[in-house]
Amino acid sequence: LKKTLSYNPMAQRSIIINPAWGAGANSQWYPKLKERLLQEGSKVTVLDGVPTLLPDHLQFLQKEIPSLDGNTVLVGHSVGCQGLLRHLATLPENTKVAGVVLVAAWFFGEKDTDSPNRPAGWQGFITGSWEKLQPWIDTPFDYERVKAITNGRLHVIVSDSDPFTIDYQKNIKLFEERLGAKVHLEPGKAHFNEPDYAVIGDTINQL
């Protein structure tokens, strides 16, 4: 059977990166990944100044990414993953996307824990930000629409030592059950806050 592609393999691929909570375009692993993808011939946009509050975040994405085509890959980090998923859920079901890669993605978080995977600094951030974080956890969105749009091309990269989502196995199960995601477990990578992770670029290139 002839395989039908959702994108034009001769066209330049566009990569859009939605950063983590409060992270700028020149922080964390975004510059290294952008450099690699540019060298490989892609167009790369790292969003900057993305609001952290749920309604403001979605309004920002609606302005910056009003529509998609089959040559666009969306990449999210932490809350940026939630933002992309919720944005996709507002788009027409016939929207095409080359793929979605979510790094340190979560469906929930533990407010308090005595796990050694959560340093004191992380606990302070989560406790202090919980009122802003909770709507991201509690507000539902249309899983079936996201599944239809991503069409088997949703990849999630998580760690077994993430300080935000301690129960990583439950988190993995939710992504698989709700969105049909292909989950990649990277041991010991915490919340993926270092400057470079080859697995992210490698996963994008699998799409």
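The largest cavity is lined by Pro 19, Ala 20, Trp 21, Gly 22, Ala 23, Val 50, Pro 51, Thr 52, His 57 and Val 79. Here a cavity is a set of points, on a 1 Å grid over the protein atoms alone, where a 1.4 Å probe fits but cannot get out, and lining residues have an atom within 4 Å of a point. All this comes from a predicted model, where local features need pLDDT of at least 70, side-chain atom pairs count only at pLDDT 80 or more, and totals for chains, interfaces and linings use all residues. Residues are numbered from 1 along each chain as its sequence is written, and side-chain values use heavy atoms, with hydrogens and water left out.

There are two cavities of 30 Å³ or more in the structure. A volume is the space filled by probe spheres set on the points, which are joined across faces, edges and corners.

| Cavity | Volume |
|---|---|
| Largest cavity | about 50 Å³ |
| Second largest cavity | about 30 Å³ |

Around the largest one, the lining has seven nonpolar, three polar and no charged residues. Ala, Val, Leu, Ile, Met, Phe, Trp, Tyr, Cys and Pro count as nonpolar, Asp, Glu, Lys and Arg as charged, and the others, Gly among them, as polar.

Now for the second largest cavity: Ala 105, Val 158, Ser 159, Asp 162, Thr 165, Tyr 168 and Asn 171 line it. Strand β5 (154-159) and helix α6 (168-179) each supply at least two of these lining residues. By class, that makes three nonpolar, three polar and one charged.

Back to Val 79, which lines the largest cavity and is also among the buried residues of α3. Ten of the ten residues in this helix (79-88) are buried, meaning under 20% relative accessible area with a 1.4 Å probe, protein chains only.

Notes. On a 1 Å grid over the protein atoms alone, a cavity is a set of points where a 1.4 Å probe fits but cannot get out, and a pocket is an open set with protein on both sides within 12 Å along at least five of seven lines; lining residues have an atom within 4 Å of a point. Helices (H or I, at least four residues) and strands (E, at least two) are DSSP runs, numbered from the N terminus. Buried means under 20% relative accessible area, exposed over 50%, partly exposed in between (1.4 Å probe, protein chains only).
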